[in-house]
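Student: I would like to learn how to read ligand and metal sites in a model like this one. Could we go through it feature by feature?

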Amino acid sequence: MKLEVDRTRLSSEIEALASISDAESPAVTRIVFTPTDLRARAWLTARSEEAGLALRQDAIGNTFARWAGSDGKAPAVGTGSHMDAIPNAGKYDGVVGVLGGLEAIRALQRSGFRPKHPVELLVFTAEEPTRFGIGCLGSRLLSGSLSPEAARRLKDGDGESIDEVRGKAGMRGELEDVRLPIGYYKAFVELHIEQGPLLERQGVPLGIVTNIAAPASLRISVGGAGGHAGGVLMPDRRDALCAAAELILAVESAARSSGAVDTVATVGICEVFPGAVNSIPSRVRLSVDIRDTDLERRDSVMRATENASQSISAKRGVTIHTDLLNADAPANCAFAVVEALSRSCKKHEQKFLPMVSRAYHDSLFMARIAPAGMLFIPCRNGYSHRPDEYASPEDIARGTLVLAETLATLSA
Ligand code: GLV
Ligand code: MN
Ligand code: MN
């Protein structure tokens with residue numbers, strides 16, 4: 001089997017997909033179920049059909065593109081990632097795993113390899129939490145980690161429910177039918193950019209993920225008293241933004257003082273109401289994202305956040321209400337997939353680093369229903385979730401080659 005990745009075509013497909021965006025180039029914004037997301041899906045469907053793959057879409061819009069195996073009863077080997085992109089993102093997050101996965105399948109087809117197990121490209125819906133506040137919507141439903149009832153209660157920023165939004169986007173069927181049976185996949189492998197600087201710093205071209213850190217997210221509403229910025233004297237104030245500012249620093253301090261570099265916490269959204277220069281903020285909405293490889297440490301930052309909320313609320317006379325959006329356990333990658341990836345790297349004489357994924361991925365949830373693993377490639381300066389995110393065509397092609405070899409091993 002002579003495996004060759006078509007680097008030129010893969011690079012031009014990455015550029016083509018990046019041009020389907022709601023942000024001006026080089027930024028990419030592609031929020032789930034917007035007309036732009038639907039155009040990207042149609043574009044990918046056409047590419048998958050060109051490759052002779054059989055397409056299926058479930059009720060939440062997860063898309064499966066299958067290359068049949070010689071054994072009609074054998075479970076599939078899956079690969080894939082996501083195409084949605086947060087506001088002002090780059091071109092590579094998720095996309096490398098989708099288009100690299102597609103090119104890996106095409107490279108295997110060109111090589112003359114014929115799989116016993118079907119090889120399936122899986123494009124997950126809404127890995128990013130932008131629209132519904134919770135990440136990995138598609139893979140949570142696929143793995144039974146989010147119940148259809150809980151999914152139906154989610155609303156977007158305009159108050160529209162998942163069922164309304166997916167219906168308008170043309171997704172048909174019942175959320176109850178999204179969950180995959182255990183044993184559907186023999187293995188699942190996701191190619192992704194590292195989203196951190198370690199591979200580049202160490203000059204190693206590939207990372208094999210051994211475990212994925214545990215993410216949690218909270219939505220916090222602070223309620224104070226608004227009023228005239230000139231008329232209300234300082235002793236009489238109950239400024240919601242000042243209380244929120246204290247809370248943001250308390251979150252930062254809890255993460256910094258955890259004793260481990262693996263603890264990270266971010267307040268990425270701060271919405272101030274009414275948002276007028278001469279009006280005291282009466283309401284603030286914060287998003288808090290807390291992660292750690294260690295569940296107990298992650299949970300202790302969550303407890304510290306709750307304690308800080310209570311004391312700031314009492315001290316400043318404001319209300320602080322916390323909604324827990326998700327608090328997920330970490331995942332371990334499956335030995336069989338890690339082994340297959342390592343062997344593929346060795347076969348192609350590529351150095352690799354065993355590593356932790358600090359970002360979450362759909363593989364966090366796929367690991368609950370299938371042996372799962374991930375392959376990382378470097379990204380410049382470790383930048384991700386920003387327009388200057390960059391992975392070189394050479395690194396993408398190398399990752400795709402090793403992915404193809406791994407899919408061959410697992411599907412033979
Ligand atoms: C995924 O995009 C993450 O935030 O880790
Ligand atoms: Mn992302
Ligand atoms: Mn991603």
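Tutor: We can start with ligand 1, which is surrounded by E127, E128, R291, A359, Y360 and H385. Keep in mind that this is a predicted model.

Student: Which atoms of E128, Y360 and H385 lie by an oxygen atom of ligand 1?

Tutor: Separate side-chain from backbone partners. For E128, an N or O atom of the side chain is 3.0 Å from a ligand 1 oxygen. For Y360 the partner is a backbone N or O atom, at 2.9 Å from an oxygen of ligand 1. H385 places a polar side-chain atom 3.3 Å from a ligand 1 oxygen. The protein covers 93% of the 190 Å² of accessible area that ligand 1 has on its own.

Student: Which residues coordinate the manganese ion (ligand 2)?

Tutor: For a metal, look for the donor atoms and then for their places in the sequence. The donors here are D93 (OD), E128 (OE) and H385 (NE2), at 2.0 to 2.1 Å. Along the chain they are spaced D-x34-E-x256-H. D93 lies in the loop between β5 (85-89) and α3 (95-111), while H385 lies in the loop between β17 (372-377) and α12 (393-411), so this pair ties together parts that are 292 residues apart in sequence.

Student: Are D93 and H385 buried or exposed?

Tutor: The cut-off for buried is under 20% relative accessible area. D93, with a value of 8%, is therefore buried. H385 has 37% and is partly exposed.

Student: What are the protein donors of the manganese ion (ligand 3)?

Tutor: They are H82 (NE2), D93 (OD) and H192 (NE2), lying 2.0 to 2.3 Å from the ion. Their spacing along the chain is H-x10-D-x98-H. D93 bridges this ion and the manganese ion (ligand 2), and the two ions lie 3.7 Å apart. H82 is in strand β4 (residues 76-82) and H192 in strand β7 (residues 185-193), so the two histidines tie together parts that are 110 residues apart in sequence. H82 is buried, with a relative accessible area of 0%, and H192 is also buried at 0%.

Student: What is S81 in contact with, leaving aside its neighbours within four places in sequence?

Tutor: When a residue sits beside a metal donor in sequence, check its own contacts too. S81 is found in strand β4 and is buried, with 0% relative accessible area. The residues it contacts include G94, L122, F124, E190 and H192. The side chains of S81 and E190 are joined by a polar contact of 2.6 Å.

Student: How many salt bridges are there?

Tutor: The count comes to 29. With a salt bridge, ask where the two partners sit and how accessible they are. The side chains of D328 and R140 meet at 2.8 Å, N to O. D328 is in the loop between β14 (319-327) and β15 (331-332) and R140 in helix α4 (residues 137-142), 188 residues apart. Both D328 and R140 are buried.

Student: What about R152 and E176?

Tutor: Their side chains form a salt bridge of 2.7 Å, N to O. R152 lies in helix α5 (residues 148-153) and E176 in the loop between α6 (162-168) and β7, so the pair ties together parts that are 24 residues apart in sequence. R152 is partly exposed at 28% relative accessibility, and E176 is partly exposed at 40%.

Student: Which residues are linked in a network of salt bridges?

Tutor: The network links R9, E13, E103, R106 and R110.

Technical notes: Residues numbered from 1 in each chain as written. Chains lettered and ligands numbered in written order. Predicted model: local features only at pLDDT ≥ 70, side-chain atom pairs only at ≥ 80, totals over all residues. Heavy atoms only, no water. Donors = N, O, S within 2.8 Å, 3.2 Å for Na, K, Ca; no water. Helix = DSSP H or I, 4+ residues; strand = E, 2+ residues; numbered from the N terminus. Buried < 20%, exposed > 50% of the residue type's maximum accessible area, 1.4 Å probe, protein only. Polar contact = N/O pair within 3.5 Å; in protein donor to acceptor, adjacent residues only side chain to side chain. Contact = heavy atoms within 4.5 Å. Near = heavy atom within 4 Å. Areas by Shrake-Rupley, 256 points an atom, 1.4 Å probe, with all protein chains shown as cover. Salt bridge = Lys/Arg side-chain N within 4 Å of Asp/Glu carboxyl O.
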